[in-house]
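Here is a short report on one protein chain. It moves from contacts of single residues to the chain as a whole.

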Amino acid sequence: MSDRNQDLFERAKRVIPGGVNSPVRAFKAVGGTPRFVQRAQGAYFWDANGKQYIDYIGSWGPMILGHGHPAVLEAVQTAAREGFSFGAPTEREVELAEAILEHLPSMDMVRLVSSGTEAGMSAIRVARGATGRNKIVKFEGCYHGHADALLVKAGSGLATFGTATSAGVPPEVVQHTLVLEYNNVQQLEEAFALHGADIACLIIEPIAGNMNFVRASVPFMQRCRELCTRHGSVLVLDEVMTGFRVALGSAQSLYAQAIPGFEPDMTVLGKVIGGGMPLAAFGGKRALMENLAPLGGVYQAGTLSGNPVATACGLATLREISRPGFYEELGRKTKALVNGLQAAATQAGVAFSTDSQGGMFGFFLMPDLPQNYSTVMRTDSARFNTLFHGLLERGVYIAPALYEAGFVSAAHTDADIAASVQAAAECFRLLSN
Ligand SMILES: *Cc1c(COP(=O)(O)O)cnc(C)c1O
């Protein structure tokens, strides 16, 4: 039987580097042939062979309502008929900005852009422009997009800055980036003691979804806040993944419940706020955001920023997820999934740990939840790959890499969850042999 996924992959590789437009799609970590998606509806998509999958990637986060939600589809179709792009302001941009700010009280102002990479890069430029400082702090295992200064791993000590993780990034560009261990309070304190007066900002994923699912501990997040305040550095929460995914108020609302008065100075958003269209945003305190051109001296711009079709998609998505009870129901289903997976793994004698918040989840083939990147790295990738391909064969599509979070949408039914747990139970039996 001919495999259309394989045929398309061969064809793609001739004209697109690696056959993909974003590296993880190539299945390089897990091996095998990437599935070319033909169409999607609700919680499912169909590949080029017509095989159906329960989708736990949801475009890596944006599809919180599932695919093809009628209200979103209607909004996008109406907007498209009115025009694709104008290069002039529209009412919908104002509406979307207002809708975002309504749910994130830490933000006074927001600017819309087209990707999370662009948003993170721009937030850092604002922080540097506002403070007149150069240095930035990030954490190992956190992803903030592929801007040059962020493609960096830890140097040999706190006095030395990072090393580029990508070819094509000059050492001079990462020399101001300090990379620290996630959840390590002592290292954080030492870094600020050494460099505090030069640190423009600290950027962090509050729940790190780019090392599967690792929460910043409450004491760690509290210390990030205190040290930034004390040293006049800008605290930037990268909520591109967690924003409107883990709660309507995003991850910052969860930390605000645990830490009195907690709020970031700036927030980076993407994924859910675009509902699947290229749309992202960064925002925060008025005094910081007023540094942006045309008001201030920090330049930032975009031909397609605030695109009318993308903002229509984002607005319709935000309207649906703001309905009372939305996150309770989403969280209940996600919990049912991870609890089912945990029970099946335990029954098969497979070491397993899992966590979830709202519609985002992660799991590890190890007995305890890791707290930082080096522990996540100890996961046995061969076992993960067996699980991944076992699930894929059974029509359950999870991220093709063990360092990635998973996502449940409002379209997933209890029956979808049960079928996924059943498929996983069969795969765990393969692992326990
Ligand atoms: C996805 C992601 C980004 C990058 O967003 P793109 O739209 O892919 O550029 C940045 N930060 C976090 C936390 C992300 O999950």
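Two residues are in contact when heavy atoms of theirs lie within 4.5 Å. The model is a predicted one.

**His144**

His144 sits in the loop that links strand E5 (135-139) and strand E6 (152-153). Beyond its neighbours within four places in sequence, His144 is in contact with Gly116, Thr117, Lys138, Leu150, Ile203, Ile204, Glu205 and Asp238. Asp238 also pairs with His144 in a polar contact, side chain to side chain, at 2.7 Å. Is His144 buried or exposed? The cut-off for buried is under 20% relative accessible area. His144 has 3%, so His144 is buried.

**Leu237**

Leu237 belongs to strand E12 (residues 234-238). Residues up to four places away in sequence aside, Leu237 touches Ile204, Pro206, Met221, Gln252, Phe262, Pro264, Met266, Thr267 and Val268. Ile204 is thus a named contact of Leu237, and Ile204 is also on the list for His144. Asp7 lies 230 residues from Leu237 along the chain, and their C-alpha atoms are separated by 42 Å.

**Phe388**

Phe388 is part of helix H13 (residues 381-393). Phe388 touches Phe27, Val30, Ile398, Ala399 and Pro400, with residues up to four places away in sequence left out. Pro400 is 12 residues from Phe388 in sequence, and the C-alpha to C-alpha distance is 6.9 Å.

The table sets out burial for the three residues.

| Residue | Relative accessible area | Class |
|---|---|---|
| His144 | 3% | buried |
| Leu237 | 0% | buried |
| Phe388 | 1% | buried |

**The whole chain**

The protein chain has 14 helices and 18 strands. Its C-alpha atoms fill a box of roughly 60 × 55 × 50 Å along the principal axes. How does the radius of gyration fit a compact globule, and what is its value? The chain has 21 Å, and a compact globule of 433 residues would have a value near 22 Å, so the two agree.

Burial covers 55% of the 433 residues. Among contacts with a separation of 6 or more, 71% join residues 24 or more positions apart. The exposed area is about 18,100 Å², and carbon and sulfur atoms supply 53% of it.

Charge comes last. The chain carries 35 positive and 39 negative side chains. The centres of these two sets lie 4 Å apart.

Definitions and conventions
Residues are numbered from 1 along each chain as its sequence is written. This is a predicted model: local features need pLDDT of at least 70, side-chain atom pairs count only at pLDDT 80 or more; totals for chains, interfaces and linings use all residues. Side-chain values use heavy atoms; hydrogens and water are left out. Helices (H or I, at least four residues) and strands (E, at least two) are DSSP runs, numbered from the N terminus. Buried means under 20% relative accessible area, exposed over 50%, partly exposed in between (1.4 Å probe, protein chains only). A polar contact is a pair of N or O atoms within 3.5 Å; within protein, one must be able to donate a hydrogen and the other to accept it, and residues adjacent in sequence count only if both atoms are side-chain atoms. The radius of gyration is taken over C-alpha atoms; the globule rule is 2.2 Å times the number of residues to the power 0.38. Accessible areas come from the Shrake-Rupley method with a 1.4 Å probe; for residues, only the protein chains shown count as cover. Lys and Arg count as positive and Asp and Glu as negative; His and the chain ends are not counted. The place of a charge is taken as NZ of Lys, CZ of Arg, CG of Asp or CD of Glu.
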